[in-house]
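Student: Could we go through this model together, one question at a time, and give the reasoning behind each answer?

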Amino acid sequence: MTNPQRLLLIASPLMRRTPVYDRAAALAKAKGMPLHIVAFDYLEGLVTAGLVNDQALAVMREGYVQQHREWLETQALSMRRSGVTVTTEVVWVQHPLDEIQAHLREQPFAMLIKGLEHEPWWMHAMFTSLDVQLLRDTRIPLHLVHNASNALPRRILAAVDLSRPEDQFEGFNDQIISEALKLALQCNAQIELLYAYDMGSMYLDADDARAHSFLFDSNLSRTLHEAQADAFQALAERNGVPAEHRHLRVGDPTKVLTLFMDNNDIDVLVMGSYHHHGIGWFIGSTAERILHRLSCSVLVISPEHSQG
């Protein structure tokens, strides 16, 4: 008999209740799935204090881990009272990424949930954050929670990418919409569908030799726009998205997405980690850049997940 799928919540090493706990519990209840909460602890201060005495470090470390276990159990208690099956775990580890991936390999999880960590711009240039590492490496849906004023999302935005169809992962846009529709149904939320594309980039792809004549080549511009509009409407139509909830925009995808989310009170953005084969064009171009501008939560879908 196989184990049922669960949701995995990565808790902060700091014992502080944040909206990510309420979001994880609400999603677990809405999806009818158990929730496993794991905290990966490592406090530099404790390690430094114990440098002169390994035995003292071990005692302090175990004391902190035990205190965190008890704190997590207190958080889990209120979730259990609402009908959610919850288990908890605390692991002492300095670099949590490998441990997270080990958990995902060893047990069937349907979604990875974590609080989004906003960091100063200078850190982005020097270090790769855990959130970005998870975005690149996680093969199951990754839900990074930020500014979650509602335990369950009320407005969901699915962002698709129809540019360069020859490089597309087959069926990936349909999978993104499917995940967004499923989440909306489980949460009784409204869904919006958005496709934003950069006309200049598409023009260069269409004909490098005429790059400098782009602004004056209205025929090619109109042809490209009509092709994108037709592809978008066909995608929305076959996925059953009503016409009034379809949005086609021209402009830098990161800026368009950010503006749309801010102006429409979006709770969760559903998007792909990357859309194209090869060097991971979408990574670093939209998915990673938008992490640092998000005013809401994001659900990131991997093409490996969409292909089973």
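Student: Beyond its neighbours within four places in sequence, which residues is histidine 245 in contact with?
Tutor: In this predicted model, histidine 245 sits in the loop between helix 9 (218-238) and strand 8 (246-250). Its C-alpha atom is separated by 9.1 Å from that of glutamine 190, a residue 55 positions away along the chain. Leaving aside neighbours within four places, the residues in contact with histidine 245 are Gln190, Ile191, Glu192 and Leu193.

Student: Is histidine 245 buried or exposed?
Tutor: The cut-off for a buried residue is a relative accessible area under 20%. Histidine 245 has a value of 18%, and therefore counts as buried.

Student: Where does the largest nonpolar core lie with respect to domain 1 (1-122) and domain 2 (153-307)?
Tutor: This core has 56 residues, of which Tyr21, Leu35, Ile37 and Ile113 touch the most other members. Because both domain 1 (1-122) and domain 2 (153-307) contribute residues to the core, its place is between them. A second, separate core of 37 residues includes Leu112, Leu130, Ala196 and Val300, but the location asked for, that of the largest core, is between the two domains.

Student: Which elements give two or more residues to the lining of the second largest cavity?
Tutor: The whole structure holds 2 cavities of 30 Å³ or more, and the second largest has a volume of about 30 Å³. Its lining comprises 6 nonpolar, 3 polar and no charged residues, among them Leu134, Thr138, Ser273 and Val300. The elements that supply two or more of the lining residues are helix 6 (130-137) and strand 10 (297-301).

Terms used:
Residues numbered from 1 in each chain as written. Predicted model: local features only at pLDDT ≥ 70, side-chain atom pairs only at ≥ 80, totals over all residues. Heavy atoms only, no water. Core = buried A, V, L, I, M, F, W, Y, C linked by side-chain atoms within 4.5 Å. Buried < 20%, exposed > 50% of the residue type's maximum accessible area, 1.4 Å probe, protein only. Domains from an automatic or database assignment. Helix = DSSP H or I, 4+ residues; strand = E, 2+ residues; numbered from the N terminus. Contact = heavy atoms within 4.5 Å. 1 Å grid on protein atoms, 1.4 Å probe; cavity = no way out; pocket = protein on both sides within 12 Å on 5 of 7 lines; lining within 4 Å. Points joined across faces, edges and corners; volume = space filled by probe spheres on them. Nonpolar A, V, L, I, M, F, W, Y, C, P; charged D, E, K, R; others polar.
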